[in-house]
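Please look through the model below. Some questions with worked answers follow it.

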Amino acid sequence: MKIYHHIDEFKAVNGAVVTIGTFDGVHQGHRKIISNIIELAKASGGESVLLTFFPHPRMILHPEDQSLKLITTIAEKASLLEEMGVDHLIITPFSRDFSNQSPQEYIETVLVKQIGTKKIVIGYDHRFGKDRSGGLEDLQRLAPVYGFDVMEIPEQDINEVAVSSTRIRTALLQSDIATANTFLGYPFFITGKVIRGDQIGRQIGYPTANIQPLETYKLIPGDGIFAVKLDIDGEQYKGMAYIGTRPTVNGITRNIEVNIFDFDREIYNQTVRMEFLHYIRGDAKFDSLDALKAQLAQDKLDVLSALGAN
Ligand SMILES: Cc1cc2nc3c(=O)[nH]c(=O)nc-3n(C[C@H](O)[C@H](O)[C@H](O)COP(=O)(O)O)c2cc1C
Ligand SMILES: Nc1ncnc2c1ncn2[C@@H]1O[C@H](COP(=O)(O)OP(=O)(O)O)[C@@H](O)[C@H]1O
């Protein structure tokens, strides 16, 4: 998959089959639309093109506002789209120039000249151009003029997609990994860097790698203990993860930590990918580190049994 960080870097391709959207999470609903452009492109000997916008205007206008949280970072989204087999990913910022184009200008310059669109797969309610004044009707009107086809995704399908994005975020915030993973169609994951903690973990026999997500806008699940799988340097490990403020040790910060099974290596500053498979229990305050240690032994058994043989 080729990635372009601005629409201006893209050179029109032959038989472009295009879709446009945010696709946060690249979940089951998104996958239906995206598989459509991939299959249509294959069938017509063309190439699939996905146009997405990043950064979100709110991130540029209000960088201090940390309330916008996304299921996937832009890099995670790119890796999921690549796995699906998308040919071209255009990530373009919501600049003023871009959003000030009239619907006709946008269709002519962006879709036709810059992308070379032959077919566009688009939601019934997709809006574009200055003040969001353009829509499906403009695409349909100009399709014969510029020689492209429009395939509309009906309201019912769009509603399913919108509902599941919101439902995934809500489920994750409630530590409900099972629901989130069902909607996503793959296990939710965090890509993060291992940072130093208070070094208490190894004192109680359970070293925990503290994971710092690579982006501040990444949505972090609600508190609890989770069965996870990790990718460290291309190798797979199982582990038990903790998200919470560590009431037992009077922690202040909210940490993401993981004790990795059958592992004994210093991995500070390394980037790891951690997949969430099951929710095990809620956070708790223990009277002593010994009591916490006893619980950790039980957690390990519960995690191994939840992960089963695989
Ligand atoms: C599987 C797992 C479960 C945990 N459960 C709790 C808990 O219920 N309550 C709590 O206060 N801390 C819990 N912790 C966090 C420990 O308090 C934390 O790992 C310890 O303070 C070590 O911190 P450090 O990495 O900063 O040294 C848990 C950690 C793991 C890995
Ligand atoms: N099995 C393991 N699980 C997690 N981290 C491990 C493991 N073995 C070694 N480590 C290393 O030890 C560190 C965690 O030890 P810990 O005493 O909890 O320190 P810290 O408080 O800095 O996280 C990890 O960041 C990692 O580099």
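UniProt annotations may be inferred rather than shown by experiment. The model itself is predicted.

Q: Which residues does the UniProt annotation "domain: Riboflavin kinase" cover?
A: The annotation comes from an unreviewed UniProt entry. Its span is 17% helix and 38% strand, and the end C-alpha atoms lie 22 Å apart. According to the record, the domain covers residues 183-308.

Q: Which strands each supply at least two residues of the shell around ligand 2?
A: Ligand 2 is surrounded by 19 residues, and the closest are Gly-197, Gly-201, Arg-202, Pro-207 and Ile-260. By type, the shell divides into seven nonpolar, six polar and six charged residues. The strands that each supply at least two of the shell residues are strand 8 (209-213) and strand 11 (255-260).

Q: Why is strand 2 (residues 16-20) largely enclosed by the rest of the structure?
A: A residue counts as buried if 20 or more other C-beta atoms lie within 10 Å of its own. On one side of strand 2, Ala-16, Val-18 and Ile-20 are buried, and on the other side Val-17 and Thr-19 are buried. Strand 2 is largely enclosed because five of its five residues are buried.

Q: Which residue is the bridge partner of Thr-19 in strand 3?
A: Strand 2 and strand 3 (residues 47-53) run parallel and are joined by five bridges. Together with helix 1 (residues 28-44), these strands make a right-handed β-α-β unit. In strand 3, Thr-19 has as its bridge partner Leu-50.

Q: Which residue in strand 5 stands opposite Ala-16?
A: Strand 2 pairs with strand 5 (residues 117-123) in the parallel sense, over four bridges. In strand 5, the residue opposite Ala-16 is Thr-117.

Key: Residues numbered from 1 in each chain as written. Chains lettered and ligands numbered in written order. Predicted model: local features only at pLDDT ≥ 70, side-chain atom pairs only at ≥ 80, totals over all residues. Near = placed C-beta within 6 Å. Nonpolar A, V, L, I, M, F, W, Y, C, P; charged D, E, K, R; others polar. Buried ≥ 20, exposed ≤ 12 C-beta atoms within 10 Å, placed from the backbone. Pairing = 2+ DSSP bridges. Right-handed = clockwise from strand over helix to strand, strands pointing away.
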